[in-house]
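Subject: Structure handover

Hello,

Here is the structure for you to open. My notes on what turned up follow below it.

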Amino acid sequence: MLEIPYITPGAHEELALSLTTLPSQPIDRANWPEAFGYKPAAHVQMAHDGHNLHLLFTVEERYTRALEGEDGRKVCLDSCVELFIQPSADDPHYYNFEFNAIGTAYATCRTSRKDPRPLPQEVLARIERFPSLGCAPLAEFEGKNHWTLQLTIPREVLIFHPGRSWSGMEVKMNLYKCGDELSLPHYLSWAPITTPSPDFHRPEFFAKARFAK
């Protein structure tokens, strides 16, 4: 089981430094190598301070784009990193948090691909985002592209599962890197998926994680 450590709350710069000292989780499973064999380098470092979940995604890829600049749009078509998290073992609902390289967000609560309940704009606005590429939309560009995205997700963003703290929570989750409409499309996961074609909305493949007290 993955243990997500506790860190002391702080300013963005302090948190960024703290996150870089933590073990990284590689997002490197190319579950459909025959059709989608390209593997950009991607990993994430995670911690929480009780109230907030902090993530630092680091990506190196050949093609990068971030056309969507408005929350609630299909950021998975861009260079995208994602967290899917099921906050309760007794409830099949999970949240899919998706962000493109400039921090534009899409998030819902659902039990499968077919029944999304989008999180309201005012809820998405509570998620703090610090993209290394800035916040302006970007057309696709090629190179040895390196970018990071630091996120702070308050506990109250899980609006259908109210609770006071991340501390002590046991969850199931998966993490992804994708780029559906890049010149080299790809679909990478942290925990393995054994579906015949790309499908991230499969909670049966989520892995267990625990937030340290």
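Strand 6 (residues 80-86) pairs with strand 7 in the antiparallel sense, over 6 bridges. Keep in mind that this is a predicted model. One place to look is Cys80, which stands opposite Asn100 in strand 7.

Strand 7 then pairs on with strand 8. Strand 7 covers residues 94-100, and the two strands run antiparallel over 6 bridges. Phe99 has Ala105 in strand 8 as its bridge partner. The two strands form a hairpin with 4 residues between them. In that turn, Gly103 has a positive phi of about 90°.

How enclosed is strand 7 by the rest of the structure? Largely so, because 7 of its 7 residues are buried. Both of its faces are covered. On one side sit Tyr94, Asn96, Glu98 and Asn100, all buried. On the other side sit Tyr95, Phe97 and Phe99, and these are buried as well.

Strand 8 (residues 105-110) is mostly covered too, with 5 of its 6 residues buried. Strand 8 is joined to strand 9 (residues 117-118) by 2 bridges, again antiparallel. Thr108 stands opposite Pro118 in strand 9. A hairpin through 6 residues makes the connection from strand 8 to strand 9.

Now the aromatics. The structure holds 9 aromatic pairs. Phe36 and Tyr187 make one of them, in an edge-to-face arrangement. Their centres are 4.8 Å apart and their planes are at 80°. This pair links distant parts of the chain, 151 residues apart. Phe36 is in the loop between strand 3 (29-30) and strand 4 (41-48), whereas Tyr187 is in strand 13 (residues 187-189). Phe36 counts as partly exposed, at 22% relative accessibility. Tyr187 counts as buried, at 15%.

Tyr94 and Phe206 form another edge-to-face pair. Here the figures are 5.5 Å centre to centre and 90° between the planes. The pair again links distant parts of the chain: Tyr94 belongs to strand 7, while Phe206 is in the loop between strand 13 and strand 14. They are 112 residues apart. Both Tyr94 and Phe206 are buried.

Which residues form one aromatic cluster? Phe36, Phe84, Tyr94, Tyr176, Tyr187, Phe200 and Phe206 do. Both pairs above have their rings in this cluster.

Two arginines sit over ring faces. Arg117 lies over the face of Phe160, at 4.0 Å from the ring centre. Arg155 lies over the face of Trp166, at 5.7 Å from the ring centre.

Last, the salt bridges. A search of the whole structure finds 12. Here are three of them.

- Glu68 and Arg73: their side chains meet in a salt bridge, 3.9 Å from N to O. Glu68 is buried, with a relative accessible area of 19%. That value is under the 20% cut-off, so Glu68 counts as buried. Arg73 is partly exposed, with a relative accessible area of 40%.

- Glu170 and Arg210: the closest N and O atoms are 3.6 Å apart. This salt bridge links distant parts of the chain, 40 residues apart. Glu170 is in strand 12 (residues 170-178), and Arg210 is in strand 14 (residues 207-211). Both ends have some exposure: Glu170 counts as partly exposed at 45% relative accessibility, and Arg210 counts as partly exposed at 32%.

- Arg202 and Asp199: the closest N and O atoms are 3.6 Å apart. Arg202 counts as partly exposed, at 29% relative accessibility. Asp199 counts as buried, at 16%. This salt bridge belongs to a network: Arg113, Asp199, Arg202 and Glu204 are joined into one by salt bridges that share partners.

If you open one region, try strand 7. Its residues are buried on both faces. Strand 6 pairs with strand 7, and so does strand 8. Tyr94 of strand 7 also reaches a distant part of the chain through its pair with Phe206.

Best wishes

Conventions: Residues numbered from 1 in each chain as written. Predicted model: local features only at pLDDT ≥ 70, side-chain atom pairs only at ≥ 80, totals over all residues. Heavy atoms only, no water. Salt bridge = Lys/Arg side-chain N within 4 Å of Asp/Glu carboxyl O. Buried < 20%, exposed > 50% of the residue type's maximum accessible area, 1.4 Å probe, protein only. Pairing = 2+ DSSP bridges. Phe/Tyr/Trp six-rings, centres within 6.5 Å; stacked < 30°, edge-to-face > 60°. Lys NZ or Arg CZ within 6 Å of the ring centre and 35° of its normal.
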